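Please work through the following questions and answers with the sequence and the model at hand. Each answer ends on the value or name that was asked for.

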Amino acid sequence: MAEGLETTHSESTILDDNSNGIPLKTEIDETNEEGNNIVAAAMMKLPADQLAMLREDFKKVPFGLSLYQFVSVMLKYAEQQKQNSLAASQRMGGASPRRIKREEAEKKRKKELEEAAAAAAAGDGGGEGDGEEFTDEEISAVADLVELFHQVDVNGDNAMEWDEFTGFIINMAMAARSDVHFHDHWHIRSEDEFTVEPVAKDRSVVKHVKFIPKLRLSLVCAGPMVQLFTPYHKAEGKAGGGASGGKNSEAGMHLYATVFPWDTEENFEYRRRMERGEDVIKCLKADFLPELDLICVLSSDMRMNFHKVLNKNSVSSESVKPAGRVQTDTQQYILAWDGEHRNLFTAGCDSEITVWQVSEVKQSEKQRGIAGSSKYKVVATQIRTITDHTDSIQDLLVVRDPEFELSCLVSASLDSKIHVYSLSSLSPLRTLLGHTSGVTTLCYDGLGALYSAGFSCSILVWDLSAGGGTFPLNKLDNGHDVTVVRIAAPEKTGRLLSLDGKGKFCWWDIRRSVALENHERCIQTFDSHPTLCSTFDVVHHPPPPLGGGGGGGGGGVGSGGVGGSGVGSSVGGGFENALRFSTNGMSVIAGSKKLHVFDSIDTRLAEAPPSACIYNPAGSRILTVHSSSLKVWSAETGSLLREVDNLVPDRHEITGVCLDAKGRKAFVSTQGGEIHVFNNSNFSQISTLPPHGAEVSCMLYTGERDKCIVTGSWDRSIRVYDGGGTEGATAGGGGGLGLGAGGGSGFGGSGSGSGSGTSGADEKSSCLLRSVDSAHGGDVTALGYGGDLSLVASGSTGGSVRVWDFQFMTMEAEVGIDGEGGEGR
């Protein structure tokens with residue numbers, strides 16, 4: 001190890017400091033799904049003094065850290081950050097049982113390692129277990145850091161300097177602006193029989209809309225009933241469980257079931273009152289309790305009504321049976337469900353949260369009474385009342401996310417406070433402070449962040465993790481100018497939809513890995529003019545996993561994947577059916593007196609077909625080229641990971657792309673004759689090679705041994721460039737935005753650093769190794785390379801193929817059409 005590091009951190013010290021698991025994966029997944037930005041998220045959370053210390057560790061080695069030194073230094077600071085996070089968790093009292101169990105296991109393991117080390121030092125043969133010294137989590141963390149080192153060290157000098165490291169992270173943040181732009185905008189669907197007329201016969205306003213992923217249906221509370229709809233009913237075949245034929249077989253909205261909030265014994269009486277227009281009971285809120293297969297309905301007669309769903313794969317009015325009801329002391333209109341503990345949380349006009357323990361009791365035939373009642377009776381027992389708020393509670397949210405170790409109940413009130421409680425003990429964890437007026441709505445994005453909104457007209461962002469603090473991380477504004485009444489964030493999509501009191505919808509980009517200002521995050525605003533929507537929910541069908549099981553029932557899309565032909569028993573059709581209506585598998589069901597369905601439509605013009613497609617083994621990525629843009633896809637899931645518009649200057653069309661042997665650099669050729677070199681992890685430009693006089697028609701990389709790029713052009717020339725030294729154009733005094741071996745990085749003018757000081761133009765010229773002008777009598781259209789023979793083959797529009805010696809670019813042979821000599825030179 002270098003002497004500069006030995007004076008402060010010996011090898012044994014660095015490894016001992018990291019004998020516990022390093023949770024780097026959690027930091028990665030919070031900000032970037034690709035895993036490219038491995039350390040950027042951790043560095044953003046480092047205090048300024050630790051950042052300065054990290055810089056000093058880099059500066060102690062004049063010519064840059066080696067791979068081993070870099071991994072050791074980063075693990076040390078990751079461990080310090082982990083200890084700080086645990087200390088904050090203990091101060092907040094929010095350590096989850098899973099985290100406590102993990103900490104105990106780590107302490108036990110550390111003690112065993114210390115005992116083994118002591119035994120080995122005493123000569124007792126304790127070194128037999130050296131092969132099992134590190135955990136899988138530690139090995140994964142080291143592997144991530146090794147990958148990061150190679151991503152940054154694109155010049156291959158096996159050394160990383162501070163300027164090179166920080167420049168890479170800055171470029172990664174800048175490149176985030178080019179990550180998968182949201183081109184999907186909402187358009188209202190044309191009306192059908194379920195959206196042209198009011199939902200309730202008494203023309204009541206829709207009180208609540210809730211999408212249920214388990215049922216793939218939306219619960220709609222309107223007037224004296226709850227209706228179950230799907231927005232993705234196919235035109236052909238019969239819909240599972242619902243009425244078929246006639247208007248119901250049309251594509252679009254489809255009604256599967258209607259639920260009334262009364263028992264079977266009351267059915268006749270309530271129906272007569274409803275037909276006479278005498279009914280005053282309204283359904284205020286409904287939710288599905290998946291662990292018990294129950295629909296819970298809060299009604300205006302101060303009751304909680306439970307209905308059993310007998311067949312989740314074929315929902316209909318006949319398969320939903322009354323299962324019980326509970327009379328409450330005060331009107332309840334908010335509910336949330338904790339399935340693990342079977343706790344139902346409700347709130348109403350007062351400032352109290354009531355906790356109910358819900359269970360089922362089997363009934364005999366005699367107890368069931370009139371035929372049609374459920375076999376089980378639901379019993380809800382009040383077990384606790386929470387009275388921390390001082391004003392009316394407006395929303396309750398249960399967050400259970402093992403990935404981020406979250407298990408909590410969140411409540412919002414008109415007292416402007418947000419309280420967070422533990423689901424296991426129901427004890428308060430913390431109070432979130434930041435709103436200046438009442439809070440009306442909450443949502444969770446599936447990525448560790450809580451969103452809240454209310455009378456302040458803005459949306460606040462909170463970190464729900466144990467060490468997240470009590471103040472907001474960010475604020476989304478410039479979207480609404482009146483009270484926000486509803487927000488919803490489809491899980492792990494990076495999108496959020498909000499609705500205000502004037503019926504205005506705002507569509508937000510909430511990805512934390514994208515460098516956008518707050519005022520830039522509102523992508524679109526729309527409404528349902530002339531009607532005024534008061535509530536909504538986003539219907540989101542995630543794509544099924546690749547290689548999943550068969551579809552449910554008679555085909556279609558089941559819970560395990562895409563099935564065979566026929567009509568599947570899985571209600572709602574899923575992602576495949578959703579794509580018939582929406583470009584991203586999402587739709588919005590909003591309610592006024594009627595239902596309004598908005599589908600996501602890609603507003604761009606038809607995209608050009610890909611002109612090039614290559615596979616990158618580094619990270620299992622597929623790169624496709626579309627005119628002047630480039631897209632990166634996951635080879636494992638097929639999902640779009642990154643989209644870089646106008647990758648090259650002057651918007652020249654891209655004609656070819658190839659990668660170096662390690663997949664770290666991308667070489668891009670254009671119609672203008674330019675050849676650009678990009679860092680393949682963040683697509684920041686490294687350099688530009690000397691251009692051809694016309695379009696580059698073909699390009700190849702010779703491999704790890706020669707590390708050269710061979711190009712052919714319509715100017716009839718063939719060129720060989722140094723692919724291993726292409727970073728020289730921006731090193732030292734080269735200027736521009738780049739990372740070079742000379743250590744310089746900057747924007748615009750001349751760079752600075754310890755490079756050789758050669759001018760950018762000279763460095764550019766030095767990248768061109770060999771060139772053959774007028775290699776063919778026609779345009780060069782194809783190239784091939786034989787590494788073992790050290791030969792290059794080229795073809796032209798004239799029909800001839802010529803073979804060249806790679807080292808000297810002298811012609812060795814020529815083959816024309818029908819085996820005869822081709823063109824003259």
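Q: Is Cys 708 buried or exposed?
A: This is a predicted model, in which local features need pLDDT of at least 70, side-chain atom pairs count only at pLDDT 80 or more, and totals for chains, interfaces and linings use all residues. Residues are numbered from 1 along each chain as its sequence is written, and side-chain values use heavy atoms, with hydrogens and water left out. Buried means under 20% relative accessible area, exposed over 50% and partly exposed in between, with a 1.4 Å probe and protein chains only. Because its relative accessibility is 5%, Cys 708 counts as buried.

Q: Why does the sulfur of Cys 522 form no bond with the closest cysteine sulfur?
A: A disulfide is counted here as a pair of cysteine sulfur atoms within 2.5 Å, and by this rule the count comes to 0 disulfides. For Cys 522 the closest cysteine sulfur belongs to Cys 506, and it is too far for a bond because the separation is 4.1 Å.

Q: How does Glu 352 count in terms of exposure, and where is its place?
A: Glu 352 is located in the loop that runs between strand E11 (343–348) and strand E12 (353–362), where strands (E, at least two residues) and helices (H or I, at least four) are DSSP runs numbered from the N terminus. Its relative accessibility is 31%, so Glu 352 counts as partly exposed.

Q: Which residue, 34 residues apart from Glu 352 in sequence, is 5.6 Å from it in space, C-alpha to C-alpha?
A: Contact means heavy atoms within 4.5 Å. Leaving aside neighbours within four places in sequence, Glu 352 is in contact with several residues, including Thr 346, Thr 385 and Ile 393. Another residue in that contact list is the one with the C-alpha separation of 5.6 Å, namely Ile 386.

Q: Which residue is the bridge partner of Ile 622 in E33?
A: Two strands pair if DSSP finds at least two bridges between them. Strand E32 (residues 621–626) and E33 pair in the antiparallel sense over 6 bridges. Within E33, the partner of Ile 622 is Trp 633.

Q: Which residue takes a positive phi in the hairpin of E33 and E34?
A: Strand E33 (residues 629–634) is mostly covered, with 5 of its 6 residues buried, and E33 pairs with strand E34 (residues 640–644) in the antiparallel sense over 4 bridges. In that pairing, Val 632 stands opposite Arg 642 of E34. The hairpin has 5 residues between the strands, and the positive phi, near 80°, is taken by Gly 638.
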